[in-house]
Amino acid sequence: MSVLRNASVLVTGGAGFIGSHLVDELLARHDVHAVRVLDNLVNGREENLEGIGRDERLVLFRADIRDEAALEAALEGVDVVFHLACLGVRHSLHDPSENHDVNAGGTLLVLERAREAAVSRFVHVSSSEVFGTAQYAPMDERHPTWPETVYGGSKLAGEAYARAFHRTYGMRTVVARPFNTYGPRSHFEGDSGEVIPRTIVRALCGLPPLVFGDGEQTRDFMHVADTAAGLAALGKCDAAVGQTVNLGSGSEVSINQLCDIVSRAVGADLEPIRMEPRPGDVRRLLVDPTLVRELTRFETKVPFSSGIADLVEWFRRRPETPQAMLARIEDRNWAPSTTVTAGAS
Ligand SMILES: NC(=O)c1ccc[n+]([C@@H]2O[C@H](COP(=O)([O-])OP(=O)(O)OC[C@H]3O[C@@H](n4cnc5c(N)ncnc54)[C@H](O)[C@@H]3O)[C@@H](O)[C@H]2O)c1
């Protein structure tokens, strides 16, 4: 029987971008008994949890993962944990200590309390940022881990702790390493803002993309519905216990290509503005998806160009105007207090 069937599941960071889609996936397709979300809403939003008030299986605990009393309460009676709560890569550039504190220290604490609560499965959601830039491609699980940023370092510490809890205590942990994810509810704002939503919001305002560096850096983009399905598949896979598994699409898109695809989807002809490179920007990422396929038979379903076209429509349907969204975007969003919007009139 599936580990998820009739299970009580805790999703830390479940009000965030990927976490909220994982919550939807668990409620819609895995016959779970309950889903608890532990999130301090620093970057997540209650509105992302569409099941709140509609599905009585879903409960939000609004608290910091470092709040031990709240963590213990959220873990009571839980069978499976998906641990996603963390602060992002650009946050790490302006506040490395807090980034480490939440991503590495917080993960250790969640592991300790989850072990005491005797959970039967713990999925630690890491990141392709642990690799740094590709030394060879496609990147399998044996690729060296030389993170470029404190964020990548803190995610690597978290995954090392999850592996150690398996080896030392026999805890049934799985490490999943998503590559870059995009889709509805992705962040355009503040230091959470990602290249795809930022570029779409600018294009909807008639503004050209901002490209940091030469734009030939590449990413392995995967639609968030696929990421959520992949995480759930790894969570219920017995053979994945004790393993570290890359999760990506297996295709590579440069930032220059991305700008063209977004411009076409918006119906505009926008020549990018070239900016200086972002510190710690990884040059190349491309996954080798062999292991996740072998373990779970997981396959991505959403082609990149249709995923982008759908996301443009999602942004068009938002209640905020593109101009109101643009006002929440800073050009160099890794140093939030020092920037002005290039190209905005
Ligand atoms: N977005 C991507 O492309 C991507 C790629 C690879 C890995 N990941 C991983 O996926 C996970 C989710 O990322 P996301 O893109 O959805 O980011 P996100 O910021 O939307 O989600 C993280 C959530 O954690 C919450 N959070 C942060 N600090 C917290 C704390 N101290 N206590 C409780 N909650 C806290 C935030 O409020 C937010 O809701 C992260 O672990 C990230 O490393 C994301």
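**Leu41 and other backbone oddities**

I began with Leu41, which counts as partly exposed because 15 C-beta neighbours lie inside 10 Å. I placed Leu41 in the loop between β2 (34–38) and β3 (58–61), and I noted that its phi is near 60°, a positive value in a residue other than glycine. I should record at once that this is a predicted model, and I read each entry below with that in mind.

I then looked up Arg185, where phi is near 75°, again a positive value in a residue other than glycine. Arg185 sits in the loop between β7 and α6 (195–204), and I entered it as partly exposed because 19 other C-beta atoms lie within 10 Å.

I also checked Pro138, which belongs to the loop between β5 and α5; the peptide bond that leads from Ala137 to Pro138 is cis, with omega near -5°.

**The chain as a whole**

Stepping back, I listed eleven helices and 13 strands for the protein chain. The C-alpha trace spans about 55 × 45 × 40 Å along its principal axes. For 345 residues, a compact globule would have a radius of gyration near 20 Å, and the 19 Å of the protein chain agrees with this. I noted too that buried residues make up 52% of the 345 residues, and that, of the contacts between residues at least 6 apart in sequence, 80% join residues at least 24 apart.

**Strand β4 and its neighbours**

I next followed strand β4 (residues 80–83), from which Val80 and Phe82 point one way while Val81 and His83 point the other way, all of them buried. On one pairing, strand β1 (residues 8–12) runs parallel to β4 over four bridges, and I found that Leu10 has Val81 in β4 as its bridge partner. In another pairing, β4 runs parallel to strand β5 (residues 121–125), also over four bridges, with His124 in β5 as the bridge partner of His83.

I spent longer on Val81, which lies in strand β4 and counts as buried because it has 27 C-beta neighbours inside 10 Å. Not counting residues up to four places away in sequence, Val81 touches Leu10, Ala114, Val119, Phe122 and Val123. I also noted that Val81 and His124, although 43 residues apart in sequence, are 8.2 Å apart from C-alpha to C-alpha.

**Strand β11**

In strand β11 (residues 244–247), I saw Thr244 and Asn246 pointing one way and Val245 and Leu247 the other way, with all four buried. Strand β6 (residues 173–178) is joined to β11 by four bridges, and the two run parallel; within this pairing, Arg177 stands opposite Asn246.

**Gly158 in helix α5**

I found Gly158 in helix α5 (residues 150–169), where it is buried, with 27 other C-beta atoms within 10 Å. Setting aside neighbours within four places in sequence, I listed Asn103, Ala104, Thr107, His124 and Ser126 as the contacts of Gly158. Val102 is 56 residues away from Gly158 in sequence, while their C-alpha atoms are 9.9 Å apart in space.

**Around the ligand**

I counted 30 residues surrounding the ligand, of which Gly13, Gly16, Phe17, Gly44 and Ser127 are the closest. At least two residues of this shell come from each of α1 (17–29), α4 (96–116) and β7 (180–182), and α1 gives the most, with three. By character, I divided the shell into 13 nonpolar, 13 polar and four charged residues.

**Two domains**

Last, I noted the division of the protein chain into domain 1 (8–181 + 223–247) and domain 2 (184–219 + 250–285 + 303–337). The centres of domain 1 and domain 2, taken over C-alpha atoms, are separated by 25 Å, and I recorded 21 residues of domain 1 in contact with 18 residues of domain 2. On the side of domain 1 that touches domain 2, the elements giving two or more residues are α1 and α3 (89–94), and the largest share, four residues, comes from α3. I entered the residues on that side of domain 1 as six nonpolar, twelve polar and three charged.

Terms used: Residues are numbered from 1 along each chain as its sequence is written. This is a predicted model: local features need pLDDT of at least 70, side-chain atom pairs count only at pLDDT 80 or more; totals for chains, interfaces and linings use all residues. A residue is near a molecule or strand if its C-beta atom, placed from the backbone, lies within 6 Å of it. Ala, Val, Leu, Ile, Met, Phe, Trp, Tyr, Cys and Pro count as nonpolar, Asp, Glu, Lys and Arg as charged, and the others, Gly among them, as polar. A residue is buried if 20 or more other C-beta atoms lie within 10 Å of its own, exposed if 12 or fewer, and partly exposed in between; C-beta atoms are placed from the backbone. Two strands pair if DSSP finds at least two bridges between them. The radius of gyration is taken over C-alpha atoms; the globule rule is 2.2 Å times the number of residues to the power 0.38. Two residues are in contact if their C-beta atoms, placed from the backbone, lie within 7 Å. Domain bounds come from an automatic or database domain assignment.
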